[in-house]
Amino acid sequence: MWRMKTTPIYMNVRAHEMVRRLCLSVVAAICVLTVSAQERPVERLWPDGSLMDPWFKFTEPYDGTLPGKIFEVTQHGVVQDSTLVQTAALQRVIDEAAATGRNATVVIPRGTFLTGALFMRQGVNLFLRQGAVLKASDNIADYPVLDTRIEGQSCKYFAALINADGLDGWRIAGAGTIDGNGERFWRAFWLRRQWNPQCTNKDEQRPRLLYVSRCKNVEISGVTLQNSPFWTCHLYKCQRVKLLKLRILAPHEPVKAPSSDAVDIDVCQDVLISGCYMNVNDDAVALKGGKGVDADQSPDNGSNECILIEDCEYGFCHSCLTCGSESVHNRNVILRRIKVDQATRLLWLKMRPDTPQHYEHILVEDVTGTVTHFLYVHPWTQFFDLQGRKDIIPSRADHITMRKCRLTCKTQYNVAPSDQYTLSDFTFEYNDLEVADEQSRQVFFDTNESGEVLRQ
């Protein structure tokens with residue numbers, strides 16, 4: 001085992017002229033320097049130096065007080081029968097609550113309630129009591145096809161189990177469970193993949209668990225989100241969303257839950273994820289935003305800005321924080337004070353050859369535990385389409401900082417050479433990494449204009 005402690009290292013990397021370097025072994029024996037007061041991160045600044053909104057300070061979830069008029073579903077026509085799909089009855093309660101014209105709360109009591117797609121309304125909150133399970137129907141016919149957003153594209157696709165569009169100031173809370181009941185969809189997906197190895201994620205029709213679009217001032221707290229047939233929590237064009245003390249679960253064995261991302265953030269501003277536990281068979285937090293050769297020109301696409309992920313724990317996942325695979329621009333993203341176990345990657349930059357991408361001002365800080373890859377940067381070529389273009393679309397990532405991490409990993413820097421992207425201003429400082437194999441520290445870097453690989 002090789003243990004590496006690094007002083008600050010600042011890397012300028014241009015991938016189109018990379019030269020293979022064993023560049024980090026020279027610092028293997030350098031002791032960690034004491035961080036001076038001037039070097040300590042300022043808690044309430046974004047990586048680009050701009051001031052963080054005080055809204056991000058408040059991380060305590062909803063206190064359990066039920067606002068407005070209470071609509072306990074079993075008192076409004078919903079029966080306690082876990083075998084009966086009650087979509088219409090549950091939707092009727094939501095609509096009745098909205099008709100009051102003021103703040104109201106729909107309450108799911110203890111028990112299991114089976115449903116298809118539900119649509120939240122303005123002024124309506126959803127509260128799940130301890131022992132309550134809102135369980136998804138595993139019949140795709142219970143999810144209407146509508147105009148929606150999925151995998152970086154605006155298109156017709158199936159509704160999620162719970163849908164909210166254009167709402168301001170609402171929450172989902174409680175100690176209950178929203179269960180996607182996904183096993184039938186997972187098995188069907190893998191069967192289709194055996195028949196057609198090139199089938200896409202959308203070829204096997206399956207709903208998401210939660211889709212929140214064009215909403216603001218949202219809190220989702222306390223509940224367990226589990227067994228989603230597809231993505232678990234998808235946020236699109238939202239502002240000021242807090243995900244607090246959630247448990248987000250999907251299995252990687254014995255049946256893998258394909259594409260069961262915990263949280264997909266898609267063209268959003270001001271998102272806080274705090275105190276959550278995520279264990280899924282895909283990326284934990286993935287930043288989306290669009291794909292295609294002209295993705296940066298479409299009004300449907302755009303940037304993710306001011307994303308804070310802190311004080312969370314990760315079990316198995318493909319990556320703790322991922323930029324891509326459908327992503328145009330991510331700026332001011334922080335992942336900090338994280339405990340990790342069994343994650344394949346800590347930070348994953350997926351670089352598409354058919355999409356103009358820019359990932360900038362990303363901070364990964366104070367992470368402990370075990371990962372396979374500390375930093376992973378590779379071209380992402382699954383199902384890409386240059387739409388007749390002969391040239392690849394250039395992308396870039398810059399001002400990426402990873403510091404004060406104490407991890408055991410197999411590979412420290414797994415960075416692939418490519419003509420399609422440019423990497424610059426990567427900073428690694430005060431990390432304490434136990435690396436399984438000396439050769440695993442090999443990484444492809446290129447020289448800067450002065451012929452230097454590292455500057456410290």
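Visitor: Before we start on this predicted model, what counts as a salt bridge here?
Guide: A salt bridge is a side-chain nitrogen of Lys or Arg lying within 4 Å of a carboxyl oxygen of Asp or Glu. By this rule, the model's count comes to 21 salt bridges.

Visitor: Okay, how far apart are N and O where arginine 403 and glutamate 365 meet?
Guide: Arginine 403 sits in strand β30 and glutamate 365 in strand β29, so the pair links distant parts of the chain, given that strands are DSSP runs numbered from the N terminus. Both arginine 403 and glutamate 365 are buried. Their side chains meet in a salt bridge with an N to O distance of 2.8 Å.

Visitor: Which residue does glutamate 310 form a salt bridge with?
Guide: Look to strand β28 (residues 329-351), 26 residues away from glutamate 310 in strand β25. Both partners are buried, and their closest N and O atoms are 3.0 Å apart. The partner is arginine 336.

Visitor: And is arginine 337 buried or partly exposed?
Guide: Arginine 337, also placed in strand β28, pairs with aspartate 311 at 2.8 Å between the closest N and O atoms. Buried would need under 20% relative accessible area. Arginine 337 has 30% relative accessibility, so the verdict is partly exposed.

Visitor: Where does pLDDT stay under 50 around the 400s, over which residues?
Guide: The chain's mean pLDDT is 88, with 86% of residues at 70 or more. Where pLDDT is low, the predicted coordinates should not be read in detail. The model does have 46 contacts beyond four places in sequence for this stretch, which is residues 444-456.

Technical notes: Residues numbered from 1 in each chain as written. Predicted model: local features only at pLDDT ≥ 70, side-chain atom pairs only at ≥ 80, totals over all residues. Heavy atoms only, no water. pLDDT = per-residue confidence, 0-100. Contact = heavy atoms within 4.5 Å. Helix = DSSP H or I, 4+ residues; strand = E, 2+ residues; numbered from the N terminus. Buried < 20%, exposed > 50% of the residue type's maximum accessible area, 1.4 Å probe, protein only.
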